[in-house]
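Please open the structure in your viewer and keep the sequence beside it. The tour below proceeds by selection, one stop at a time.

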Amino acid sequence: MSNQPIIDHLNEILKHEWTGVAQYAQAGFIVEGVWREVYAEKFLDDAKESFGHAQLIGDKIVALGGVPVATRNEIKQSRDLSEVLEFSLAFESKAVEMYSKAIEMAEGDRALVVFLEDILKEEQEGVDEYTKLLRQTAGSAAGTTSTAKTG
Ligand SMILES: [Fe+2]
């Protein structure tokens, strides 16, 4: 069985992870106002998580006999925090999709499946977290309204 199809797909994943490094770092750099206190560190942590995944995937591509890409896709950036959270959720959802596909492609190679599943679990945690953060943003606004009503 040729490794090429899985190597090509892992390279698409690697490109996505490099995009995450730049996109999250940029979000951490530019976030301003009171939320900077919370989100600058959170976004930089997410950049580090993407870097960690890039490292794992790059090493695996070489182990499979391929050459890792050193390019990334365009990043999405905004000064609007809720928009950044939307970009982040989309980024994590895309990662879940890509790793799920990689797992399907790796069927029959148990060790590779387990390796990919470990990362998939973290990507899904990212989806769950950003889903909740976006919900909390809406909830805060609703909370203000209901306070105004009762007050
Ligand atoms: Fe990742």
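Begin by selecting Leu64: leaving aside its neighbours within four places in sequence, Leu64 is in contact with Asn3, Ile6 and Ile7. Two residues are in contact if their C-beta atoms, placed from the backbone, lie within 7 Å. This is a predicted model, in which local features need pLDDT of at least 70 and side-chain atom pairs count only at pLDDT 80 or more, while totals for chains, interfaces and linings use all residues. Residues are numbered from 1 along each chain as its sequence is written.

Remain at Leu64, which is found in the loop between helix H2 (36-63) and helix H3 (81-105). Helices (H or I, at least four residues) and strands (E, at least two) are DSSP runs, numbered from the N terminus. Is Leu64 buried or exposed? Leu64 is partly exposed, because 14 other C-beta atoms lie within 10 Å; a residue is buried with 20 or more such atoms within 10 Å of its own C-beta, exposed with 12 or fewer, and partly exposed in between, the C-beta atoms being placed from the backbone. Now add Ser2 to the selection: Leu64 and Ser2 are 62 residues apart in sequence and 9.9 Å apart in space, C-alpha to C-alpha.

Next, display the whole protein chain. It contains four helices and zero strands, in the pattern α-α-α-α along the sequence. Of its 151 residues, 27% are buried.

Select H3. This helix has 25 residues and reaches 36 Å from its first C-alpha to its last, close to the 36 Å expected at 1.5 Å a residue; the expected span is 1.5 Å times one less than the number of residues. Its buried residues include Phe91, Tyr99 and Ala102.

Proceed to the largest nonpolar core, a set of buried Ala, Val, Leu, Ile, Met, Phe, Trp, Tyr and Cys residues joined through C-beta atoms within 7 Å. Of its 26 residues, Leu10, Ile13, Leu14, Phe43, Ile57, Tyr99 and Ala102 touch the most other members. Helix H1 (4-30), H2, H3 and helix H4 (110-150) each supply at least two residues of this core. The largest share, eight residues, comes from H1. Select Leu14 within this core: leaving aside neighbours within four places in sequence, its contacts are Ala54, Ile57, Gly58, Ile61, Pro68 and Val69.

Finally, colour the chain by pLDDT, the predictor's confidence in each residue, from 0 to 100. The mean is 92, and 89% of residues reach 70 or more. Over residues 145-151 the pLDDT is below 50, and this stretch has zero contacts in the model beyond near neighbours in sequence. Where pLDDT is low, the predicted coordinates should not be read in detail.
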